[in-house]
Amino acid sequence: MSRTRLVSVLLWFLAALAGATANAPPPEMAPVKAKPDEVPSTYKGVVVAVTDKTVTIKPSGDVTITKSRIGESGKKEVVWVYTQDNTKPPQAFVFSDAALWANGTLPLANRAGKPALAVTSNSRLHKISDLCLGDLVEITCGDVGGTVYCNEIAIIRRPGGQVPPAIGDDTLPVSDRVCTSATPHKRERNRSCDTCRV
């Protein structure tokens, strides 16, 4: 323990004894590991099923999410850590209004007549209709009222084929497009996906 930290802890201890703990610095925190049932904001894996309403993904790949704060010393301290467990069974995600809107299957006003949920530009992301079984994907997700939603989709790799163009790829030079940079064999012709269901 550094001398400055030792002095800080000693002063905090003396202040606590004197009953002046209201102005004392918070005690040092160790990072909290995410609970096994916590829903992360990012999920990565292989698509094993697709319908018009859901995508089921088998976890695969490295996903570690951390939350941090600026500590007493002015340095960033990690306070929460999530690491994806790739031994878990496949998980189903319901497509959110934003994902359906980006796919063109939900008008800007949803079925209830209210505006769709927050919609981003979706540039560099993929549509639901681009998904094929076997695709390695990374999605953004979230839990709303016990339902886990898929909000955005990025296809990282398509075994035996070329990753399809992302939204906005047609406005970029060929060398900067997602479908070019995510495909191992850049000169390979774009193959159709016989296993698509959407």
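**Exercise 1. Confidence.** What is the mean pLDDT of the chain, and what share of its residues reach 70 or more?

*Solution.* Start by noting what kind of structure you have: this is a predicted model.
- Step 1: The chain has a mean pLDDT of 74.
- Step 2: A value of 70 or more is reached by 63% of the residues.
- Step 3: Now look for weak stretches. Residues 115–119 stay under 50 in pLDDT, and the model gives them 11 contacts beyond four places in sequence.
- Step 4: The pLDDT is also below 50 over residues 185–198, a stretch with 21 contacts in the model beyond near neighbours in sequence.

**Exercise 2. Taking stock.** Count the helices and strands, then describe their order along the chain.

*Solution.*
- Step 1: The count comes to 3 helices and 8 strands.
- Step 2: Reading from the N terminus, the order is α-β-β-β-β-β-β-α-β-β-α.
- Step 3: Add a view of the whole chain. It has 198 residues, of which 31% count as buried.
- Step 4: Take the contacts with a separation of 6 or more; 60% of them are between residues 24 or more positions apart.

**Exercise 3. Two hairpins.** Which strands form hairpins with E8 and with E4?

*Solution.* Let's take E8 to begin with.
- Step 1: E7 and E8 make a hairpin, with 2 residues between them. Gly145 sits in the turn and has a positive phi of about 60°.
- Step 2: Strand E7 covers residues 136–144, and 9 bridges link it to E8 in the antiparallel sense.
- Step 3: Find some partners across the pair. Cys141 has Cys150 in E8 as its bridge partner, and Val144 is opposite Thr147 in E8.
- Step 4: Turn to E4. Its hairpin is with E5, and 5 residues lie between the two strands. Here the turn contains Gly74, whose positive phi is about 90°.
- Step 5: E4 (residues 64–70) and E5 (residues 76–83) run antiparallel and are joined by 7 bridges. One partnership to find is Lys67 with Trp80 in E5.

**Exercise 4. Closing the barrel.** Trace the strands that close into a barrel, and say how they pair.

*Solution.*
- Step 1: Follow the order E2-E3-E6-E8-E7; these 5 strands close into the barrel.
- Step 2: The pairing is mixed, and from one strand to the next the twist averages 55°.
- Step 3: See the mixture for yourself at E8 (residues 147–157). E8 pairs with E6 (residues 91–95) in the parallel sense, over 2 bridges, while E8 and E7 run antiparallel.
- Step 4: On the E6 side, place Val94 opposite Tyr149 of E8.

**Exercise 5. The nonpolar cores.** How many residues make up the largest nonpolar core, and which of them have the most contacts inside it?

*Solution.*
- Step 1: This core has 22 residues. The ones with the most contacts inside it are Val55, Phe93, Phe95, Leu131, Ile139 and Ile153.
- Step 2: Ask which elements supply two or more residues. They are E2 (42–50), E3 (54–59), E6, helix H2 (97–103), E7 and E8. E8 gives the largest share, 4 residues.
- Step 3: Zoom in on Phe93. Leaving out residues up to four places away in sequence, its contacts include Tyr43, Val55, Ile57, Ile139, Cys141 and Cys150.
- Step 4: Apart from the largest core there is another, of 5 residues, including Val63, Ile65, Trp80 and Tyr82.

**Exercise 6. Salt bridges.** How many salt bridges does the structure hold? For the pairs, work out whether they are buried or exposed.

*Solution.*
- Step 1: There are 3 salt bridges.
- Step 2: Lys53 pairs with Asp52, with the closest N and O atoms 3.9 Å apart. Both Lys53 and Asp52 are exposed.
- Step 3: Arg69 pairs with Glu77, and here the closest N and O atoms are 3.2 Å apart. Arg69 has a relative accessible area of 27%, so it counts as partly exposed. Glu77, at 22%, is partly exposed too.
- Step 4: Arg158 and Asp135 meet at 2.8 Å, N to O. Arg158 lies in the loop between E8 and helix H3 (178–181), and Asp135 in the loop between H2 and E7, so this pair ties together parts 23 residues apart in sequence. Both Arg158 and Asp135 are buried.

Methods: Residues numbered from 1 in each chain as written. Predicted model: local features only at pLDDT ≥ 70, side-chain atom pairs only at ≥ 80, totals over all residues. Heavy atoms only, no water. Pairing = 2+ DSSP bridges. Axes fitted to C-alpha atoms, helices over the stretch in contact; angles between N-to-C directions. Core = buried A, V, L, I, M, F, W, Y, C linked by side-chain atoms within 4.5 Å. Buried < 20%, exposed > 50% of the residue type's maximum accessible area, 1.4 Å probe, protein only. Contact = heavy atoms within 4.5 Å. pLDDT = per-residue confidence, 0-100. Salt bridge = Lys/Arg side-chain N within 4 Å of Asp/Glu carboxyl O.
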